[in-house]
Amino acid sequence: MSDSRNIDRGTGGRPAWLNALGLMVVALFAVGAYLALVVSPPDTNQGDLIRIMYAHVSAAWVCFLAVILAAVFGMLYLWRGRIGDDIRAVAHAESALLFAGLTIIGGMTYSKPTLNTFWTWDAKLTLTALLFALLVGYFVVRGLVDDRERRGRVSAVVAIVVLASLPFNWMAAEWFRTLHPSKSFEVSAAGVSDSADPIFRWILLFNVVVAALVYTWFVLERSRLGRLEAGLEERREAVAGRREAIDV
Amino acid sequence: MFDGWSPWAWVALSWLELLVAYGGYMLYLRGRSRRLEDDV
């Protein structure tokens with residue numbers, strides 16, 4: 001099922017446009033940090049601790065996006081069997097793991113000074129811990145299966161299981177009793193609404209866009225490396241096949 | 001141990017976490033890229 005035509009055997013280094021995107025992302029990250037740490041006013045209830053929200057919420061939203069895209073490319077791999085889809089699924093899943101870890105650590109950092117506890121096993125936090133554990137499982141499974149096609153299929157199923165947990169996680173603060181506050185902003189067909197000062201919303205949205213760009217850069221670079229690895233693996237298999245033929 | 005921390009200490013820690021995570025993953029990708037490009 002794996003199709004060698006789908007592997008772009010890049011042999012050079014990182015393309016110049018990807019380096020340029022990386023530099024732009026670093027500059028935008030600095031602007032986002034400036035807005036959050038200097039421009040944002042303190043919140044009436046949380047004071048300066050509101051500045052943690054910009055880091056924590058942006059990481060959490062990007063984690064959700066990464067999980068969705070990892071599952072989408074996993075489904076595409078199950079459907080079309082193209083190795084390029086598996087490579088992209090892995091790139092998204094690796095970023096999902098990174099952002100899930102950041103969401104948990106950042107949430108603990110936010111929770112201790114505001115709610116006086118690092119952790120509690122309520123619905124929202126438990127579901128996030130489960131999401132992280134499932135993403136770790138995704139890579140454990142990949143490490144256990146040698147066959148490339150089977151590895152792609154099994155890990156795609158794990159990615160779909162992770163995706164299935166997402167709606168419960170997203171709605172946990174509304175559906176279950178939890179220490180985690182409900183969503184700060186409501187996104188609906190009518191647009192984005194909230195009761196807070198608009199400056200908080202705009203600084204948060206800017207930092208969400210920056211986190212999404214950081215994630216985009218990670219995925220593009222990881223996909224490039226995945227294509228190099230797949231090309232190398234294919235060449236090694238071809239060499240091994242020729243050796244076997246000579247031995248026979 | 002953490003009860004005496006000021007709000008700004010928590011704020012600094014949360015942004016430092018982002019820097020460490022992004023920087024660490026970037027370094028990991030760079031190292032992996034160098035090894036791969038040597039092999040290719």
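The largest nonpolar core, meaning a set of buried Ala, Val, Leu, Ile, Met, Phe, Trp, Tyr and Cys residues joined through C-beta atoms within 7 Å, has 61 residues, and those with the most contacts inside it are Ala70(A), Ala96(A), Phe99(A), Ala159(A) and Val162(A). A residue is buried here if 20 or more other C-beta atoms, placed from the backbone, lie within 10 Å of its own. Two or more residues of this core come from each of H1, H2, H3, helix H4 (123-144), helix H5 (148-175) and H6 of chain A, and also from helix H1 (7-39) of chain B; H2(A) gives the most, with 17 residues.

This is a predicted model, in which local features need pLDDT of at least 70 and side-chain atom pairs count only at pLDDT 80 or more, while totals for chains, interfaces and linings use all residues. Residues are numbered from 1 along each chain as its sequence is written, and chains are lettered from A and ligands numbered from 1 in the order in which they are written.

Chain A has six helices and two strands (DSSP runs of H or I with at least four residues, and of E with at least two, numbered from the N terminus), arranged from the N terminus as α-α-α-α-α-β-β-α. Of its 248 residues, 35% are buried.

Leaving aside residues up to four places away in sequence, Ala159(A) is in contact (C-beta atoms, placed from the backbone, within 7 Å) with Ala70(A), Ala71(A), Gly74(A), Ala89(A), Ala93(A) and Tyr138(A).

Where chain A meets chain B, the contact takes 28 residues from chain A and 21 residues from chain B. Helix H1 (16-39), helix H2 (50-80), helix H3 (83-115) and helix H6 (198-247) of chain A each supply at least two residues of the chain A side.

Definitions and conventions: Contact = placed C-beta atoms within 7 Å. Buried ≥ 20, exposed ≤ 12 C-beta atoms within 10 Å, placed from the backbone.
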